[in-house]
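Please look over the model below. The report covers one helix, one pocket and two backbone outliers.

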Amino acid sequence: TNTNTNTNDDDAPGLSRRRLLEEIVAEIEASEAVRTGPVVSGGAAENDPFEAAVANDAKGSLGGNDPDPYLTHGPSTIWNGMIYPIRKFRFAGVAWYQGESNFADPVKYSCLFPATITAWRAEFGNPGMSWAFVQLHAYNLHDWSEFRNAQASAARKLPGVVMASAIDLGDPTSPFDPIHPRYKQEVGRRLAHAAIASRYSVYGGVHYSGPRFQDVRPIAIAPEDNHGVKGLVLKFEDGNGGAAPGTTHTSAAAACSLTGSKKCCGESPFSVVDANTGETKRVPFWVDNAGDNGAGKVVLSIPNDVKDVKEVRYAWEGFPQCLLYNGVGGYEAYTDAMPAAPWCFDAVTGAPCPIRNLPNPWAAGVRTTADMGFTTMLHELPVRDLIQWGQKDFAEEYRPASAGGGATAGAGEGADVGDAPAPDVVDTSDAPASS
């Protein structure tokens with residue numbers, strides 16, 4: 001039972017922060033001579049989010065010491081408790097990394113996410129606000145491929161929205177659960193480059209993206225004239241994502257030797273869906289890095305038993321083993337490389353695959369007892385321990401030997417087969433990619 005009877009607001013957890021924000025907002029409103037009521041869309045606040053938080057705390061069952069006085073769980077509560085108080089601030093853009101808790105309903109998220117961006121732009125009075133977000137990383141417990149498509153749709157729908165991919169930065173051995181990968185420095189680098197390209201490109205070019213898929217077309221050479229191989233040619237956008245031309249290549253994903261097939265770049269990231277059977281088949285490929293004026297192109301070898309292709313997919317699975325990059329290097333922090341973000345192309349309609357919910361999104365993995373306990377652990381740790389942990393240079397500790405580090409996260413990786421002739425790329429007798 002909590003016996004704390006301290007009634008000094010300044011000593012209550014978080015209230016000093018609340019008071020500081022109140023003072024800042026009051027000064028801004030006074031200087032602009034503007035006073036408007038908060039916009040509430042289903043949240044707990046009716047007139048003022050701070051007052052509602054205090055009222056909720058006072059009538060709670062913990063004697064006025066509610067551990068969540070700012071109502072940070074539930075519809076609109078993060079907006080009311082954290083964002084609304086700073087709505088008068090002026091800044092150029094938003095960096096967003098979120099989505100893990102929404103993965104089971106990609107269709108809903110494909111509406112919520114663009115609506116959030118549009119609403120923030122309206123509430124901050126900044127219709128040109130840039131929005132740079134992180135597409136979720138590889139994850140070995142569940143298949144997030146459809147959810148990543150929902151995320152990417154926001155960049156297709158709205159102007160001024162850019163995406164940084166983390167598909168190659170999965171971390172199945174993270175001590176804080178694989179949902180919290182430790183490659184934060186590399187995520188930050190990619191997110192910063194995406195934001196610069198979106199907002200400040202006038203000041204000069206920046207390498208902001210991996211190869212950006214544009215279109216697919218049948219190979220120009222008939223199978224009988226191409227050593228029995230029939231295939232597809234993948235075309236990528238001109239400009240090569242800001243990378244130097246002719247630098248498209250493949251490289252293994254982080255920790256690929258620790259999960260999945262453990263074949264790294266001995267396994268193709270490309271697959272096709274048979275239009276007649278609905279079966280998904282992993283297919284061999286090879287890379288022409290000088291093709292299409294340096295943007296690079298990829299040739300897929302299609303099995304003879306696949307008469308018609310319904311969909312072409314890249315990295316469309318929970319934890320891809322091998323990725324397509326431009327620039328120099330692979331996933332290692334502080335290199336110039338950028339991975340191509342996962343995509344799915346409907347070869348019949350000539351458009352991105354529709355956003356779909358998996359029949360049972362929880363079936364792809366088993367949650368551990370420690371899963372999602374990270375937040376609880378943070379509340380129990382002393383602040384000084386958190387600061388020391390946050391300052392630890394994980395990139396140095398976990399960087400593979402090829403990048404000057406001492407760890408072996410990528411050890412056991414197969415040879416880079418992306419530049420080899422198609423028949424030698426990968427054993428297609430393996431189990432097909434996830435549908």
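Which residues are buried in α5? They are Ser145, Glu146, Phe147, Arg148, Asn149, Ala150, Gln151, Ala152, Ser153 and Ala154. Buried means under 20% relative accessible area, exposed over 50%, and partly exposed in between (1.4 Å probe, protein chains only).

This is a predicted model, in which local features need pLDDT of at least 70 and side-chain atom pairs count only at pLDDT 80 or more, while totals for chains, interfaces and linings use all residues. Residues are numbered from 1 along each chain as its sequence is written, and side-chain values use heavy atoms, with hydrogens and water left out.

**Overall**

The protein has nine helices and 15 strands. These are DSSP runs numbered from the N terminus: helices are H or I with at least four residues, strands are E with at least two. Of the 435 residues, 47% are buried. A contact means heavy atoms within 4.5 Å. Take the contacts between residues at least 6 apart in sequence: 74% of them join residues at least 24 apart. The accessible surface is about 20700 Å², and carbon and sulfur atoms hold 55% of that. The areas come from the Shrake-Rupley method with a 1.4 Å probe.

**Helix α5**

Helix α5 covers residues 145–157. Its 13 residues should span 18 Å at 1.5 Å a residue, and the end C-alpha atoms, 19 Å apart, agree with that. The expected span is 1.5 Å times one less than the number of residues. Ten of the 13 residues are buried, so α5 is largely enclosed by the rest of the structure. The cover includes α4 (106–123), β2 (130–135) and β3 (161–165).

**Second largest pocket**

This pocket holds about 700 Å³ of space. Its lining has 32 residues; closest to the centre are Ala152, Met163, Arg212, Phe213 and Ala341. Elements giving two or more residues to the lining include α5, β3, α6 (184–199) and β4 (213–218). A pocket is an open set of points on a 1 Å grid where a 1.4 Å probe fits, with protein on both sides within 12 Å along at least five of seven lines; lining residues have an atom within 4 Å of a point. The lining divides into 20 nonpolar, seven polar and five charged residues.

**Positive phi**

Two residues have a positive phi without being glycine.

| Residue | Phi | Loop | Relative accessible area |
|---|---|---|---|
| Asp177 | about 85 degrees | between β3 and α6 | 7%, buried |
| Ala315 | about 55 degrees | between β11 (309–314) and β12 (322–326) | 0%, buried |

Notes:
Grid points are joined across faces, edges and corners, and a volume is the space filled by probe spheres set on the points. Ala, Val, Leu, Ile, Met, Phe, Trp, Tyr, Cys and Pro count as nonpolar, Asp, Glu, Lys and Arg as charged, and the others, Gly among them, as polar.
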